[in-house]
Amino acid sequence: MPCGDAVAVWDVALSDGVYRVEFAHGTTTGKRVVYVNGTEVMRKDWMFKLVGKESFSLGGADTKATVSIEAVGGFAYQYSLTVGGKSLQKFIDHRAKTTKTWVVRVDGTDCRVVLEKDTMDVWCNGQKVETRGEFVDDGTETHFTLAEHSCCIKATSGGKKKNGIDHNLLLDGLKVSASSQ
């Protein structure tokens, strides 16, 4: 950890990457510091009020995030993170519904591929990639390339309304298993 005063650590998965957020709270010095992926993004020294909120931006889309500091009795504090106006857990649940993520090994390198289901945007290792979409008999196909390899995300109906749409990544025609991030 970058700071000995770090009291909370969260991992936040966005389309352009997974961000590690660390919060340092010096309860005797009044210091508040936020680190994202080890880089200091916000610092306040000599804060006399030990509770409150600190806001900062995450990722290339400048997603708003806020650390909340609450007293829970005596000199004990509780820290929580909100991302995009939602608690971290609600944000994670929402992302699970609106995105699909795969980690695939391409030419010896891990690539994190993220599909944003609402826009059909595709991201690879933090970069939005150019895609070409087409309608096919059983759904849609979104084509793109990764390091000279042909990729396709096939969106097909699960057959039942309750199941929704299935999204599968094909790398050079072979199906890739989905990741949890």
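This report describes the overall form, the two four-stranded sheets, the aromatic pair and one buried histidine of a predicted model.

**Overall form**

The chain is built from one helix and 17 strands. Its radius of gyration is 20 Å, well over the 16 Å that the globule rule gives for 181 residues, so the chain is more spread out than a compact globule. Taken along the principal axes, the box filled by the C-alpha atoms is roughly 65 × 40 × 20 Å. Of the 181 residues, 40% count as buried, and the accessible surface comes to about 10600 Å², with 50% of that area belonging to carbon and sulfur atoms. Among contacts between residues at least 6 apart in sequence, 27% join residues that are at least 24 apart.

**The sheet of β5 to β8**

One open sheet has four strands in the order β5-β6-β7-β8, and their pairing is antiparallel. At its edges stand β5 (52–58) and β8 (86–87), each of which pairs on one side only.

Within this sheet, strand β6 (residues 63–71) and β7 pair over seven bridges in the antiparallel sense, and Ala71 has Tyr77 in β7 as its bridge partner. The hairpin of β6 and β7 has five residues between the strands, and there Gly73 takes a positive phi near 120°. On the other side, β7 and β8 are joined in the antiparallel sense over two bridges: Val83 has Lys86 in β8 as its bridge partner, and Thr82 stands opposite Ser87 in β8. The hairpin of β7 and β8 has two residues between its strands, with Gly84 at a positive phi near 60°.

In a regular strand the side chains alternate between the two faces of the sheet. Along β7 this alternation goes together with burial, for Tyr77, Tyr79, Leu81 and Val83 point to one face and are buried, whereas Gln78, Ser80 and Thr82 point to the other face and are not buried.

**The aromatic pair**

Tyr79 of β7 also takes part in the one aromatic pair that the structure holds. The ring centres of Phe23 and Tyr79 are 5.7 Å apart and the ring planes stand at 55°, so the pair is tilted; the cut-off that matters here is that planes over 60 degrees apart would count as edge-to-face. Phe23 lies in strand β2 (residues 17–26) and Tyr79 in strand β7 (residues 77–83), so the pair ties together parts that are 56 residues apart in sequence. Both Phe23 and Tyr79 are buried.

**The sheet of β9 to β12**

A further open sheet has four strands in the order β9-β10-β11-β12, again with antiparallel pairing. Because β9 (99–106) and β12 (127–129) stand at the edges, each with a single partner strand, one side of each is left without a neighbour in the sheet. From one strand to the next the twist averages 30°. Helix α1 (residues 88–98) lies across β9 and β10, and runs at about 75° to β9.

Strand β10 (residues 109–116) pairs with strand β11 (residues 121–124) over four bridges in the antiparallel sense. The bridge partners in β11 are Val122 for Leu115 and Cys124 for Val113. β11 in turn pairs with β12 over three bridges, also in the antiparallel sense, and there Trp123 has Lys128 as its bridge partner.

The hairpins of both sheets for which a residue with positive phi has been named can be set side by side.

| Hairpin | Residues between the strands | Residue and phi |
|---|---|---|
| β6 and β7 | five residues | Gly73, near 120° |
| β7 and β8 | two residues | Gly84, near 60° |
| β10 and β11 | four residues | Met120, about 65° |
| β11 and β12 | two residues | Asn125, near 50° |

**A buried histidine**

His167 is found in strand β16 (residues 165–171). Its relative accessible area is 7%, and because residues under 20% count as buried, His167 falls in that class. Leaving aside neighbours within four places in sequence, His167 is in contact with Lys100, Trp102, Leu115, Lys117, Ile153, Lys154 and Ala155. One of these contacts, Leu115, is the residue whose bridge partner in β11 is Val122.

Key: Residues numbered from 1 in each chain as written. Predicted model: local features only at pLDDT ≥ 70, side-chain atom pairs only at ≥ 80, totals over all residues. Heavy atoms only, no water. Pairing = 2+ DSSP bridges. Axes fitted to C-alpha atoms, helices over the stretch in contact; angles between N-to-C directions. Contact = heavy atoms within 4.5 Å. Phe/Tyr/Trp six-rings, centres within 6.5 Å; stacked < 30°, edge-to-face > 60°. Buried < 20%, exposed > 50% of the residue type's maximum accessible area, 1.4 Å probe, protein only. Rg over C-alpha atoms; globule rule 2.2 N^0.38 Å. Areas by Shrake-Rupley, 256 points an atom, 1.4 Å probe, with all protein chains shown as cover.
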